[in-house]
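User: I am new to this structure and would like to know how some of its labels are justified. Please go through them one at a time.

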Amino acid sequence: MEEFKTIIEPFKIKMVEQIKVTSKEERIEYLKAAHFNPFLLNSDKVMIDFLTDSGTSAMSSNQWAGIMQGDESYAGASSWHKMRDSILDLTGHEYILPVHQGRAGERILYGYLGGKGKTFISNTHFDTTRANIEFSGAEAIDIAIEEGKNPKLFHPFKGNIDLNKLEELIKEKGPENIAAVILTVTNNSGGGQPVSMENAKAISVICKKHKINYFLDCCRVAENAYFIKHREEEYKNKTYKEIAQEMFSLVDGSIMSAKKDALVNMGGFLSLKNEELFIECKNLLIITEGFATYGGLSGRDMEALAIGLKEVFEPDYLHYRIRSTAFLGERLKEMGVPLMWPIGGHAVYIDAKELYSHIPVDEYPGQALVCELYLQGGIRTVEIGSVMFGKYDENGKLIPAAMELVRLAIPRRVYTQSHIEYVIEVFEKIMSNRNKAKGLKIIEEPKFLRHFTSKFIQK
Ligand SMILES: *Cc1c(COP(=O)(O)O)cnc(C)c1O
């Protein structure tokens, strides 16, 4: 396959889900009715849905066959044993708990280890991770390398942790006050950028020296393994799974939202090497999630997860996954669309502040692009800028976010090459109309998570 430029989807389509094709006139009406916030659209009004890669994967025929074999026994279901075996084989961690999605694992583990006076350190805490840590009373500090913050600079592993900062923070806070170091692979909030094995190993040495817990937030560990194999010389002859296994061997435990690289629509797990910590977590799991052999999942969910966690490491799948995301990004870059570089594993991030330099940040250039992509092409994306992160000062003036980005997150195994070609064509239109795009004004907003439900009017 590698000798050809065209990357084919390494699957055939057995079952189809209809996309309702809409006209621009219809979309103008739909967008007005949704108050210029595509989050508020019903999904049947969307043609290409790039809102998130979480829980939106297409399952394989093997996974669907597994669904039919789900064992729904309350305790000791065979489906749980299959899920556990699959996770044990990958992580090598002996103590494993099922959870209904990643944040349930976060609440249990970080809630237990956290509390006032404790510090967690990560390349970037994902938003639910940070929320669970802060809710416990602890603090969450992000220390990705400086190169990771420059959107145009090429660096092969922009998700790496700054090792000097890590040592300094441990000294400043005292190792006994560091609840854990959490390595997020790939670094979701930082653009889906990978972390090198070299960095993961160096962190492990530091954590061992100071006796600090070291966990992997491993939602996209297979995508990260792809980058390691192709960018870290030492690993070019290892399989993707061997690379992931080596990464798991470095840490004391992991949390996975299976809605990403386990190719399922719902599920997750928590894995640990330490038995005492496992017993504490198991008690918390039983109180709020369910018994330790299902943790809020159906037997059929666990079957699908066990299979998906194997499928995701197939070389043809990973090659298609990473290359097709990069293909979209590379084509947009050639066209002059300003974006974060290099392209990460699961998404393309557009720099809307540069694209719409005529729209001031307090008129939300990112949201303007989100609206244009929907109007021109029925494409749904999400703003990651001042709508999501902006705050107000005491005079009610906007304190903008550091960047005004729009994320095109690509669901796994869902869209074909022609869908991607279509998105590229829509961007040609966006580029030729770029001076005409209009800013927005917020007319109604919630206290938290503004991007979900805010309402806008066009300027
Ligand atoms: C999605 C995600 C989570 C949270 O998982 P949910 O399944 O959405 O609860 C945590 N960390 C990262 C890096 C994620 O991408």
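**Surface patches and aromatic pairs**

Analyst: In this predicted model, Y74, I286 and F291 make a nonpolar surface patch of about 290 Å².

User: Why is I286 called partly exposed?

Analyst: I286 has a relative accessibility of 38%. Buried means under 20% and exposed means over 50%, with partly exposed in between, so I286 is partly exposed. I286 is placed in helix 10.

User: Which residues gather in the patch of negative charge on the surface?

Analyst: They are E94, E275, E276 and E280. Of these, E280 is found in helix 10, which covers residues 275–288.

User: What makes E280 eligible for a patch, as far as its accessible area goes?

Analyst: The relative accessible area of E280 is 34%. Patch residues need over 30%, so E280 meets that condition.

User: How many aromatic pairs does a search of the whole structure find?

Analyst: The search finds twelve. One of them is formed by Y110 and F215, with 6.4 Å centre to centre and 40 degrees between the planes. Y110 lies in helix 4 (residues 102–113) and F215 in strand 6 (residues 214–217), 105 residues apart, and the pair links these distant parts of the chain.

User: Why is the pair of Y110 and F215 called tilted?

Analyst: Rings pair if their centres lie within 6.5 Å, and 6.4 Å satisfies this. Planes under 30 degrees apart count as stacked and over 60 as edge-to-face; 40 degrees falls under neither, so the pair is tilted.

User: Are Y110 and F215 buried or exposed?

Analyst: Y110 has a relative accessible area of 1%, and F215 has a relative accessibility of 1%. Buried means under 20%, so Y110 is buried and F215 is buried.

How values were computed: Residues are numbered from 1 along each chain as its sequence is written. This is a predicted model: local features need pLDDT of at least 70, side-chain atom pairs count only at pLDDT 80 or more; totals for chains, interfaces and linings use all residues. Side-chain values use heavy atoms; hydrogens and water are left out. Patches are made of residues with over 30% relative accessible area and no salt bridge: like charges are joined within 9 Å, nonpolar side chains (Val, Leu, Ile, Met, Phe, Trp, Tyr) within 5 Å. Accessible areas come from the Shrake-Rupley method with a 1.4 Å probe; for residues, only the protein chains shown count as cover. A salt bridge is a side-chain nitrogen of Lys or Arg within 4 Å of a carboxyl oxygen of Asp or Glu. Lys and Arg count as positive and Asp and Glu as negative; His and the chain ends are not counted. The place of a charge is taken as NZ of Lys, CZ of Arg, CG of Asp or CD of Glu. Helices (H or I, at least four residues) and strands (E, at least two) are DSSP runs, numbered from the N terminus. Buried means under 20% relative accessible area, exposed over 50%, partly exposed in between (1.4 Å probe, protein chains only). Rings of Phe, Tyr and Trp (its six-membered ring) pair if their centres lie within 6.5 Å; planes under 30 degrees apart count as stacked, over 60 as edge-to-face and the rest as tilted.
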